[in-house]
Amino acid sequence: MARLESRALAGYYPFPEHLLPALASLVSFGEERARWAPANIFEVADPCAGDGSAILGLLSAWRHWRVTATTEWANRRASVSWRMPEFRLRAIELDHRRFESLHDHVRQAAANAAINTDSSAMLGDAGRWLRQGASRWCHLLYLNPPYDTHHVHKREEAAWLVEWLPRMV
């Protein structure tokens with residue numbers, strides 16, 4: 001894609017939905033997660049959420065896996081009390097049109113019990129939100145930032161990683 005066309009998109013390139021199952025399969029939820037999610041609520045952050053299709057697609061895949069795995073686990077180890085965590089999503093989007101779609105998708109997912117009802121979609125600058133006091137609060141970061149150059153880190157993607165990785169538990 002030509003540089004001007006890329007700039008016109010403001011670096012927005014949604015993750016290809018047909019690849020979500022492959023990406024979801026890279027994450028596992030084992031017993032050790034009790035160390036970092038003792039309340040059994042898995043905090044998920046998406047600071048560049050777009051319309052929410054990617055992160056909600058991942059959560060849907062994990063939810064399906066969660067039901068299957070919990071049943072299999074219970075059949076194998078009936079004496080062990082173990083269940084997959086709930087997912088609490090914090091999704092942020094800068095573009096107003098994409099945010100409206102994101103907000104509707106998050107609200108629908110919470111109503112359908114796909115995610116924790118305390119999940120939220122926020123309109124605004126994710127970097128500014130972090131600088132206003134967000135601390136370490138997420139277990140999983142889904143990051144598909146704008147693709148562009150950056151004055152310090154050379155690439156915008158690297159700048160987002162520097163900013164967001166310290167927020168992970």
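Start by selecting Arg90: with a relative accessible area of 17%, this arginine is buried, since the cut-off for buried is under 20%. Keep in mind as you click around that you are looking at a predicted model.

**Stop 1: Arg90 and its surroundings**

Colour strand β2, residues 86-93, and you'll find Arg90 in it. Now show the side chain and follow it outwards. Which backbone oxygen does the side chain of Arg90 reach? It's the one on Asp118, at 2.5 Å. Next, bring up the residues that Arg90 touches, leaving aside those up to four places away in sequence. You should get Val44, Ala45 and Asp46, then Asp118, Ser119 and Ser120, plus Met122 and Trp137.

**Stop 2: the aromatic cluster**

Stay on β2 and select Phe87, which is buried with a relative accessible area of 1%. Add Trp62 and Phe42 to the selection: together with Phe87 they form one aromatic cluster. The structure holds 3 aromatic pairs, and two of them can be inspected here.

Take Phe42 and Phe87 to begin with. Their ring centres are 5.9 Å apart and their planes sit at 80°, so this pair is edge-to-face. Phe42 belongs to strand β1 (residues 41-46) and Phe87 to strand β2, so zoom out a little to see distant parts of the chain, 45 residues apart, being linked by the pair. Phe42 counts as buried too, at 3% relative accessibility.

Now swap Phe42 for Trp62. How are the rings of Trp62 and Phe87 arranged? They make a tilted pair, 5.9 Å centre to centre with 35° between the planes. Because Trp62 lies in helix α3 (residues 53-76) and Phe87 in strand β2, the pair ties together parts 25 residues apart in sequence. Trp62 is buried as well, its relative accessible area being 3%.

**Stop 3: helix α4**

Jump to residues 96-111, which make up helix α4. Try the distance tool on the end C-alpha atoms: they are 22 Å apart, in agreement with the 22 Å that 16 residues should span at 1.5 Å a residue.

Which residues of α4 are buried? Select Phe99, Leu102, Val106, Ala109 and Ala110. Then turn the view until you look down the axis of α4: these buried residues fall within an arc of 95°, so they line one face of the helix. Look at the face turned away from that buried side, and you'll meet the exposed residues Arg97, Arg107 and Ala111.

Check both ends before you leave. At the N-terminal end, Asp95 acts as the cap of α4, with a side-chain oxygen 3.2 Å from the backbone nitrogen of Arg97. Following α4 is Ala113, which has a positive phi, near 65°.

**Stop 4: Asn144 in its loop**

Last, go to the loop between β4 (140-141) and β5 (149-150), where you can pick out Asn144. Is Asn144 buried or exposed? At 15% relative accessibility, Asn144 counts as buried. Show the side chain of Asn144 and find its polar atom that lies 2.9 Å from the backbone oxygen of Tyr13. Then display what else Asn144 touches, again skipping residues up to four places away in sequence: besides Tyr13, there are Pro14, Phe15 and Cys48.

How values were computed: Residues numbered from 1 in each chain as written. Predicted model: local features only at pLDDT ≥ 70, side-chain atom pairs only at ≥ 80, totals over all residues. Heavy atoms only, no water. Helix = DSSP H or I, 4+ residues; strand = E, 2+ residues; numbered from the N terminus. Expected span 1.5 Å × (residues − 1). Buried < 20%, exposed > 50% of the residue type's maximum accessible area, 1.4 Å probe, protein only. Arc of directions from axis to C-beta. Polar contact = N/O pair within 3.5 Å; in protein donor to acceptor, adjacent residues only side chain to side chain. Contact = heavy atoms within 4.5 Å. Phe/Tyr/Trp six-rings, centres within 6.5 Å; stacked < 30°, edge-to-face > 60°.
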